[in-house]
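Q: Here's a model I'd like to pick apart label by label. Could you tell me what earns each label, cut-offs included?

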Amino acid sequence: MTAFPVPSAMRRYWIALGLAAGLFSLPALAQTAAADPMNAATYIGEKQCLSCHNQENEHFKETLHAKIFRSNPRNVIEKQVCEACHGPGSLHAKDTGNKDLLIGFTREWGTSPQKQAEQCLSCHSGGNRMHWPGSIHSKNQLSCTDCHNPMDKLSGQGALKKASITEVCETCHQQQRAEFDKRSHMPLHEGKMACTDCHNPHGTTSQTLLKGDTVNEVCYSCHAEKRGPFIWEHAPVRENCINCHLPHGSNHDKLLQVARPMLCQQCHGNTNHPGTFYNASMMASNIGQPGATSNTRVMARSCQNCHSQIHGSNHPSGSRFER
């Protein structure tokens, strides 16, 4: 059988899964490995790299990766510094124009996102990154360097491409960026929280990369007073917080989907109160105008003027969330 190099720990894991599932055989794997021109390359050392890439080193030397690889490497691979990530460089040194002879971490270089991620995950596996394979970001062909820049110190933590997590996420998520600018919003732009307080961009077992199993579980991590248990529970609250609230931002008070009382009347159209739907003509601003009929039920907090414990009540007489 044709010999091929011993793969990294992460690659060995996926090879084992592929073999077990019958996706490929050992002869086919050996043939693929032999066809990779990088398999014949050898390590040439950091000094050889810096003879051409001294400008890159001016940025790299201040990063956490540089300090660890040069001062306290954990293994033989990390001692190679540049080649720990870019792969053995002997063939690249002889033919610098051939991009197949080195692993590049830019879109222009042409190395596949899967190959780039494999290099990063060989060290950064497990933990928050254990669900990266199969995650929505992975499926959309994102690589680690679309969000991170290990070659320059541009952020205080996480080797990010921009100064903060929020700025990195908003590069792609423009709709959420606009929602954070609305009058009622999560305080990301104020620096009081970040996208990663609710989401794990490296992948999770839940939809939309939530850090909890459900939307409510994520919300309760900060809004514990809404968790309960309550003697009198409000069904839409127990079901899902976004039945009433928008998660990122809204032009209505308290991130509500629509203004009160219209929000409440989506379910309570004609129950204990008169069947006439409340509207803007009943607001306090229209008092004194011809044809306007003001109604206290649309002023201030509207329905919550009376039903103040709308998320749930523990009072024996709180079945209608009034106390």
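Q: What makes up the lining of the largest cavity, by class?
A: That lining has three nonpolar, two polar and four charged residues. Ala, Val, Leu, Ile, Met, Phe, Trp, Tyr, Cys and Pro count as nonpolar, Asp, Glu, Lys and Arg as charged, and the others, Gly among them, as polar. Tyr220, Phe230, Glu233 and His234 are among the lining residues.

One caveat up front: this is a predicted model, where local features need pLDDT of at least 70 and side-chain atom pairs count only at pLDDT 80 or more, while totals for chains, interfaces and linings use all residues. Residues are numbered from 1 along each chain as its sequence is written, and side-chain values use heavy atoms, leaving out hydrogens and water.

Q: Why is that space called a cavity?
A: On a 1 Å grid over the protein atoms alone, a cavity is a set of points where a 1.4 Å probe fits but cannot get out, and lining residues have an atom within 4 Å of a point. The largest holds about 40 Å³, and the count comes to one cavity of 30 Å³ or more.

Q: Why is Val81 called buried?
A: Buried means under 20% relative accessible area, exposed over 50%, partly exposed in between (1.4 Å probe, protein chains only). Val81 is at 3%, so it's buried. His137, at 17%, is buried too, whereas Gln141, at 34%, is partly exposed.

Q: What makes Cys49, Phe60, Ala66, Phe69, Val81, Cys82 and Ala84 a nonpolar core?
A: A nonpolar core is a set of buried Ala, Val, Leu, Ile, Met, Phe, Trp, Tyr and Cys residues joined through side-chain atoms within 4.5 Å. Those seven residues form the largest such core. Apart from it lies another core of five residues, including Cys169 and Phe180.

Q: What is unusual about the phi of Val81, and how do you know that?
A: Most residues other than glycine have a negative phi, and most peptide bonds are trans. Val81 isn't a glycine, yet its phi is positive, about 60°. Gln141, also not a glycine, has a positive phi of about 65°. As for peptide bonds, Gly228 to Pro229 is cis, with omega near 5°, and a cis bond joins Arg260 and Pro261 as well, with omega about 5°.

Q: Why should residues 1-6 not be read in detail?
A: pLDDT is the predictor's confidence in each residue, from 0 to 100. Over residues 1-6 pLDDT stays under 50, against a chain mean of 85. Where pLDDT is low, the predicted coordinates should not be read in detail.

Notes: On a 1 Å grid over the protein atoms alone, a cavity is a set of points where a 1.4 Å probe fits but cannot get out, and a pocket is an open set with protein on both sides within 12 Å along at least five of seven lines; lining residues have an atom within 4 Å of a point. Grid points are joined across faces, edges and corners, and a volume is the space filled by probe spheres set on the points. Contact means heavy atoms within 4.5 Å.
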